[in-house]
Amino acid sequence: MSEPSALHDPVKIGIVSISDRASSGVYEDKGLPALQDWLTRALHNPTTFESRLIPDEQDGISAALIELVNAGCCLVLTTGGTGPALRDVTPEATLAVAHKEMPGFGEQMRQISLKFVPTAILSRQVAVVRDQSLIINLPGQPKAIAETLEGLKDADGKQIVPGIFAAVPYCIDLIGGPYLETRDEVCKAFRPKSAVRATRPA
């Protein structure tokens, strides 16, 4: 049973699915439900989601990211548009609004995906900080989204490769955001001992 949500900081998270075809109604978007489902399972925090479904247009993507940061989202996750195709411009749009680049996130996502497909080296996901928000580009497929966020586990549930989300809460601490608390069975967050908040009384 989870702890009462009143003990955890409320958070606002932006989720953005970037696809010409899904945004025009050609097919159903699966990225936004996948992001919201995973985050709801992973976090103890009461979470408000700001969602956007937009086409592969660089200026529009950058504008949506800025809007979500200005709306108070401490974390913005995008899905789609990170390959080498001509219409894949999510990384460029993300870098255009960056105050700081966080290359380790993209490096780790590619390492995880390479366990499954050699074409993972074609992915160009980036992560950046803008103001007090962390923005991360994720893969386009729901299965790959979950794998990169929570990492790889063996049959006994032991972590083999850490997912990127293990580092997200401490990153958000460092940039002045709310204190994210994860459910260990989904993704155990890592913080130095000095950064771990004492358990609040019930």
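Which side chain makes a polar contact with the side chain of H44? In this predicted model, the partner is R183, and the two side chains come to 3.3 Å. To find H44, look at the loop that follows helix 2 (31–42) and leads into strand 2 (47–54). H44 isn't out in the open, either: its relative accessible area is 17%, and because the limit for "buried" is under 20%, it counts as buried.

From that loop, step into the sheet. It's an open one with 6 strands, in the order 2-1-3-6-5-4, and the pairing is mixed. Strand 2 sits at one edge and strand 4 (100–101) at the other, each with pairing on one side only. As a reminder, strands of a sheet pair through backbone hydrogen bonds, and they can do so parallel or antiparallel.

Let's walk across, starting with strand 2. Its neighbour is strand 1 (residues 11–18), and the two pair in the parallel sense over 8 bridges. If you want a landmark here, find K12, which stands opposite T48 in strand 2. Strand 1 is mostly covered, with 7 of its 8 residues buried. Strand 1 also pairs with strand 3, again in the parallel sense, this time over 5 bridges. Here I15 is a handy marker, standing opposite L77 in strand 3.

Keep going and you reach the pairing of strand 3 (residues 75–79) with strand 6 (residues 133–138), which is parallel and has 5 bridges. Look for T78, whose bridge partner in strand 6 is N137.

After that the direction flips. Strand 5 and strand 6 run antiparallel and are joined by 4 bridges. One of the pairs to look for is R130 with its bridge partner S133 in strand 6. These two strands form a hairpin with 2 residues between them, and there D131 takes a positive phi near 55°. Strand 5 is covered on both faces: A127 and V129 are buried on one side, V128 and R130 on the other. The walk ends with strand 4, which runs antiparallel to strand 5 and is joined to it by 2 bridges. K100 has V129 in strand 5 as its bridge partner.

Now for the helices. Helix 5 (residues 103–113) packs on the sheet, where it touches strand 4, strand 5 (127–130) and strand 6. Its direction makes about 25° with that of strand 6.

Helix 2, the one just before the H44 loop, has a helix partner too. It packs with helix 6 (residues 142–150) at an angle of about 30°, and the axes are 9 Å apart. Angles under 35 degrees count as roughly parallel, so helix 2 and helix 6 are roughly parallel to each other. Their crossing is right-handed. Where do they meet? On the helix 2 side you'll find G31, A34, L35, W38 and R41, and on the helix 6 side P142, I145, A146, L149 and E150.

One last stop in helix 6 is T148. Is T148 buried or exposed? It counts as buried, because its relative accessibility is 1%. Leaving out residues up to four places away in sequence, T148 touches M109, I112, S113, L138, P139, G163 and I164. Among these, M109, I112 and S113 belong to helix 5 (residues 103–113), while L138 belongs to strand 6 (residues 133–138).

Conventions:
Residues numbered from 1 in each chain as written. Predicted model: local features only at pLDDT ≥ 70, side-chain atom pairs only at ≥ 80, totals over all residues. Heavy atoms only, no water. Buried < 20%, exposed > 50% of the residue type's maximum accessible area, 1.4 Å probe, protein only. Polar contact = N/O pair within 3.5 Å; in protein donor to acceptor, adjacent residues only side chain to side chain. Pairing = 2+ DSSP bridges. Contact = heavy atoms within 4.5 Å. Axes fitted to C-alpha atoms, helices over the stretch in contact; angles between N-to-C directions. Parallel < 35°, antiparallel > 145°, perpendicular 65-115°, else oblique. Left-handed = near helix turned anticlockwise from the far one by under 90°.
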